[in-house]
Every structure is written in structure tokens, then in C-alpha cells.
Amino acid sequence: MKVVILAGGFGTRISDESTVVPKPMIEIGGRPILWHIMKIYSAHGFNEFIICLGHRGYVIKEYFSNYFLHMSDVTFNMAGNSMEVHRETAEPWRVTLVDTGDGTNTGGRLKRVASYLRNEPCFAMTYGDGVADIDLKAELAFHRAHGRLATIAAVTPPSRFGVLEIEADGRVASFREKPPNEVGRINGGFFLLSPEVLDLIADDSTAWEQEPLETLASQGELKAFLHDGFWQPMDTPRDRRLLQEHWVSGTAPWKVWA
């Protein structure tokens, strides 16, 4: 099962750090959020990744080219021009990095990696800036059972503010601290898709979230996998601080690996 991760956007809403590194390389607990996403998939047996690069994509290439060194304890013998590895942590990953252009839209990035996906019965796709404790094996079983072209993880967005219920005289009748957002479920990423959906993408300017998804929905080919657990995007510095606090506390809900 191949996993496509969209990792080429500019990350303008979290711009302080994304001007230096691509948004998926912003760290949570000393590891890029991209690494966290890959660990979520890997914990469920998904180990082959196609990463769509764009803005500062070379940073992601350099990260994976040096991944062995990032994850190992080593001694460098400068005089002898040698390296001794004391401890190594190897992931069972196969990672393909594809330059899909700086200004390409989300659908266009997916279209640009079509040659890697055409012969697959289905593939997974998600964004490079959100984590969840989603049961990916259950979602895959759901996708295979319904037989439609696409499955989307439908999540309830976290509320950013507490809610006041105010009477006509100004008295606060109740206060709910950060209740679930009441706008309903939204696109949480973590898609499962048939390669046939790639034919719905016109060109680099196509946003996956517009014409392709709208067409799939209107044709009855899009099914929702309801995820009621933790889900959190990293859109703003506040989101990043929240994820960092979860990780430092040792209770990060998306850490589904040992």
C-alpha cells in the first residue's frame, strides 16, 4: 500500500518557521511533523511513501539522505576518515521524493505522481501537516468493503475558543471550555483512493478539495470514514505549541507506535 503525502505548500499561516524549512519539516518533539505522520502510517503497516515536494523541497531530500545519521549514534575518526556506528534505528520505509513544483495546487501534486500509482488497486493520501490517532487498518477495511472510488476521513474540528451562552439581560447562562466545533464534520485528510480518481484532476492548478472531491461526491463515489478520536492540523504557531505540549507531556494521542 503506497502512501502519498502532500508536502509542497508554502505554509503561510505558520510563516515564521516555514520561511526557513518546508512546513512538514517543522519539528514536534525534535522530529519533523512529516516523521510523525509517517510513523502513524507505519504503525498500521503502511511503509511505502511517495512525498510530493515543492517549497524548499531540498530540505526534505537532505533530511532523508542523512536519515541514518539522524537516527544513529556514531563516532567519526577524522584522522582515519572512517565512521563507526554504535546504535542504529532503521525504519522499514521505502521513500520516493518527487519534485511537484513550487506553485502546484494539491490536486496537481497528486496528478504529478500518477505514474507511481496507476497499477495500484488503491493508495493512501494525506497532508503533511496533520496528525491523528485514526485506525488506518479499520479505514482500509471500510474502503475495501464499500467498493467506491474514494474514502475520506471525516473529523470534528477542535474548537479554538470557549463558548458563552448569554441571556438577554447579559447574564452568562453557561460556559463550555473549547467544546467540539459545532459546524459539523470536515475533511481530515487520510484518504484512501482508487487510481481512477487521478483522471478527475485537470492540471497543476486543480485543488483536490474542489472539483475532484465535488465530482466524486456528486457521483456517489465518495464515502466518509468517521473518526471521533484525536485530530489536529498544524496551521498556526498556536497549533504547533499545542502539539509540542502534548508531546512533552508524554500523552501525545497520535503516538500509536511503541
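Leucine 69 belongs to helix H4, where helices (H or I, at least four residues) and strands (E, at least two) are DSSP runs numbered from the N terminus. The model is a predicted one, in which local features need pLDDT of at least 70, side-chain atom pairs count only at pLDDT 80 or more, and totals for chains, interfaces and linings use all residues. Residues are numbered from 1 along each chain as its sequence is written, and side-chain values use heavy atoms, with hydrogens and water left out.

With a relative accessible area of 35%, leucine 69 is partly exposed; buried means under 20% relative accessible area, exposed over 50%, and partly exposed in between (1.4 Å probe, protein chains only). Together with Phe68, Phe76, Met78, Met83 and Val85, Leu69 makes a nonpolar surface patch of about 570 Å². Helix H4 (67-70) and strand E6 (82-87) are the elements that give two or more residues to this patch. Patches are made of residues with over 30% relative accessible area and no salt bridge (a side-chain nitrogen of Lys or Arg within 4 Å of a carboxyl oxygen of Asp or Glu), and nonpolar side chains (Val, Leu, Ile, Met, Phe, Trp, Tyr) are joined within 5 Å, like charges within 9 Å. The areas come from the Shrake-Rupley method with a 1.4 Å probe, and for residues only the protein chains shown count as cover.

Lysine 2, in strand E1 (residues 2-7), counts as buried at 14% relative accessibility. The side chain of lysine 2 reaches the backbone oxygen of tyrosine 116 at 2.8 Å. Leaving aside neighbours within four places in sequence, lysine 2 is in contact (heavy atoms within 4.5 Å) with residues including Glu48, Glu120 and Phe123.

Helix H2 (residues 33-43) is largely enclosed by the rest of the structure, because 10 of its 11 residues are buried; among them are Trp35, His36 and Lys39. Glycine 45, which follows H2, has a positive phi, near 95 degrees.

Two residues that are not glycines also have a positive phi, and the table sets out their values.

| Residue | Phi | Loop | Relative accessibility |
|---|---|---|---|
| Asparagine 81 | about 50 degrees | between strand E5 (73-77) and E6 | 72%, exposed |
| Phenylalanine 190 | about 50 degrees | between strand E13 (186-187) and E14 | 2%, buried |

Serine 205 lies in the loop between strand E14 (191-193) and helix H7 (211-218), and is exposed, with a relative accessible area of 56%.

Conventions:
Polar contact = N/O pair within 3.5 Å; in protein donor to acceptor, adjacent residues only side chain to side chain.
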